[in-house]
Amino acid sequence: MKHLPLPSQLFIENRKRFVKEMAPNSIAIFNSNDEVTSNGDSLYRFQQNSDLYWLCGIEQEDTMMIFFPDCPDAKYKEVLVLARPVELKEKWDGRRLRANEATEMCGIKTIVWLDSIDSLLQVWIHIADTIYLNTNENDRKGNLVQTRDYRYIQEFKDRYPLHHVERTAKIMRKVRAIKTKYEVAVTQQAIDITEKAFRRVLGFIKPGVMEYEIEAELVHEFLRNRARGEAYNSIIASGDRARTLHYIFNNEECKDGELLLMDFGANYAGYAADLTRTVPVNGKFTKRQLEVYNACLDIHKYAKSLLKPGINIITYHEKVGEEATKIFIKLGLLKKEDVKNEDKENRAYRKYLYHGISHHLGIDVHDLGPRYEPIQAGMVLTVEPGIYIEAEKIGVRIENNVWITKGGNIDLMKNIPIEAVEIEQLMKK
């Protein structure tokens with residue numbers, strides 16, 4: 001790992017919150033992700049299962065996390081399962097965790113080697129009434145590849161057909177959405193590194209630079225500050241390409257007179273930052289560009305003012321849509337007749353703002369969290385309105401990350417330049 005050690009209390013608190021939601025006399029089993037072959041004998045860089053990492057912070061492959069709070073033997077109430085270190089594998093792939101090292105990292109005292117867990121687990125399962133198994137139930141998941149979680153579920157049902165099985169995902173969606181102070185602190189570190197990267201590229205951007213050169217500057221700053229790298233594929237989109245929401249080719253020239261939309265964030269210790277800024281390639285907004293930028297910033301500030309405990313995401317988006325409609329009329333993008341005759345299922349403002357305004361943020365950049373229930377204190381959400389004008393080949397998006405508290409929200413990106421005049425001044429320097 002590149003990052004400094006995290007406090008084990010972060011993971012101890014996370015486990016306590018999960019266990020509190022378990023049914024009496026139940027077991028919960030979590031598996032690590034697979035090592036995935038790319039081509040030949042090469043592997044993709046290993047990415048740990050988000051739920052498992054949230055519980056223990058272990059990034060190593062072939063790891064399991066098992067909870068049995070009502071186990072008759074207190075030693076096995078929580079168990080971390082690791083692959084036994086093998087000398088030959090370590091010569092090829094590097095050193096693997098020892099039991100004492102894992103305990104220091106995550107606070108779990110009972111470590112069991114993977115090659116000896118089956119016999120122990122069989123005894124525990126025979127005692128238990130309910131077994132929780134893990135699945136990826138992120139609403140945005142579109143991958144149909146059968147992962148280790150789904151293979152394990154099938155193997156378990158074949159072996160124990162009469163046991164009652166429940167989904168850990170229902171609990172995880174609830175508890176992962178509420179961040180502890182420890183998690184927010186790590187997220188803030190990811191954000192601070194992202195700020196450094198943004199300030200770095202403001203002095204680098206100019207007409208003629210390539211989008212991928214800007215991306216390289218960002219990644220360089222991430223890595224030199226102990227981040228894993230990008231929290232997601234960076235979007236570096238100049239000119240009309242900014243209207244493509246997930247533009248990740250980053251292979252075109254940034255030209256004089258264009259706006260440059262950059263959507264990027266560092267991953268520090270497994271936690272993601274998610275920043276979007278739109279800047280003029282030549283360092284100076286035109287009158288129209290400034291008008292559109294400030295309109296987007298007005299929507300951003302309005303949306304952020306709404307995010308507080310008690311509001312639900314649907315109502316929140318409706319209110320932001322109403323405000324966007326008013327602003328788009330002022331911008332000359334919509335007429336009152338357009339709004340009067342709009343399709344209520346596809347409102348007029350959607351022509352220029354065709355994505356959601358906020359999503360949960362955490363270990364995953366699109367993190368787990370409720371979609372229909374009211375927002376609660378402890379959640380971390382993005383605020384990211386945009387304005388996309390095909391006729392003018394303009395795309396503007398402005399995004400910050402906010403932490404919801406009982407008194408409202410705290411902008412974790414408050415130190416990152418956002419006003420047009422700030423951006424112009426920094427680019428001029």
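Begin with the whole surface on display: the protein exposes about 20,700 Å², and carbon and sulfur atoms supply 50% of that area. What you have open is a predicted model, and every stop below should be read with that in mind.

**The whole chain**

Keep everything selected and switch to the C-alpha trace, which spans about 70 × 50 × 40 Å along its principal axes. The radius of gyration is 24 Å, which agrees with the value near 22 Å that a compact globule of 429 residues would have. Colouring by secondary structure brings out 13 helices and 17 strands, and colouring by accessibility marks 51% of the 429 residues as buried. If you draw the contacts between residues at least 6 apart in sequence, 70% of them join residues at least 24 apart. For a last global view, select the charges: there are 62 positive and 63 negative ones, and their mean positions lie 4 Å apart.

**Strand 4 and W113**

Next select W113, whose place is in strand 4, residues 111–113. Is W113 buried or partly exposed? Its relative accessibility is 21%, so it counts as partly exposed, given that buried means under 20%. Leaving aside residues up to four places away in sequence, W113 touches V81, L82, A83, R84, P85, L97 and A99. To gain a sense of scale, add E323, which is 210 residues from W113 along the chain, and the two C-alpha atoms turn out to be separated by 57 Å.

**The sheet of strands 7, 10 and 11**

Move on to an open sheet of three strands, arranged in the order 7-10-11 with antiparallel pairing. Strand 7 (229–230) and strand 11 (271–272) are its edge strands, each pairing on one side only. Between strand 7 and strand 10 (residues 266–268), which run antiparallel, there are two bridges, and G229 can be found standing opposite N267 of strand 10.

**Strands 8 and 9**

Now select strand 8, residues 235–238, where both faces are covered: I235 and A237 on one side, and I236 and S238 on the other, are all buried. In a regular strand the side chains alternate between the two faces of the sheet. Strand 8 is joined by four bridges to strand 9 (residues 259–264), and the two run antiparallel; within this pair, S238 stands opposite L260 in strand 9.

**I205**

Keep L260 displayed and add I205, which lies in the loop between helix 8 (181–202) and helix 9 (211–224). With a relative accessibility of 7%, I205 counts as buried. Which residues does I205 touch, if those up to four places away in sequence are not counted? They are I214, L260, M262, V279, V281 and M427, with L260 being the residue of strand 9 that stands opposite S238. A distance to G408 is also worth drawing: I205 and G408 are 203 residues apart in sequence and 36 Å apart in space, C-alpha to C-alpha.

**The hairpin of strands 14 and 15**

End at strand 14, residues 386–389, which again has both faces covered, since G386 and Y388 on one side and I387 and I389 on the other are all buried. Strand 14 pairs with strand 15 (residues 394–397) in the antiparallel sense over four bridges, and G386 stands opposite R397 in strand 15. Four residues lie between the strands of this hairpin, where K393 takes a positive phi near 55°.

How values were computed:
Residues are numbered from 1 along each chain as its sequence is written. This is a predicted model: local features need pLDDT of at least 70, side-chain atom pairs count only at pLDDT 80 or more; totals for chains, interfaces and linings use all residues. Side-chain values use heavy atoms; hydrogens and water are left out. The radius of gyration is taken over C-alpha atoms; the globule rule is 2.2 Å times the number of residues to the power 0.38. Buried means under 20% relative accessible area, exposed over 50%, partly exposed in between (1.4 Å probe, protein chains only). Contact means heavy atoms within 4.5 Å. Accessible areas come from the Shrake-Rupley method with a 1.4 Å probe; for residues, only the protein chains shown count as cover. Lys and Arg count as positive and Asp and Glu as negative; His and the chain ends are not counted. The place of a charge is taken as NZ of Lys, CZ of Arg, CG of Asp or CD of Glu. Two strands pair if DSSP finds at least two bridges between them.
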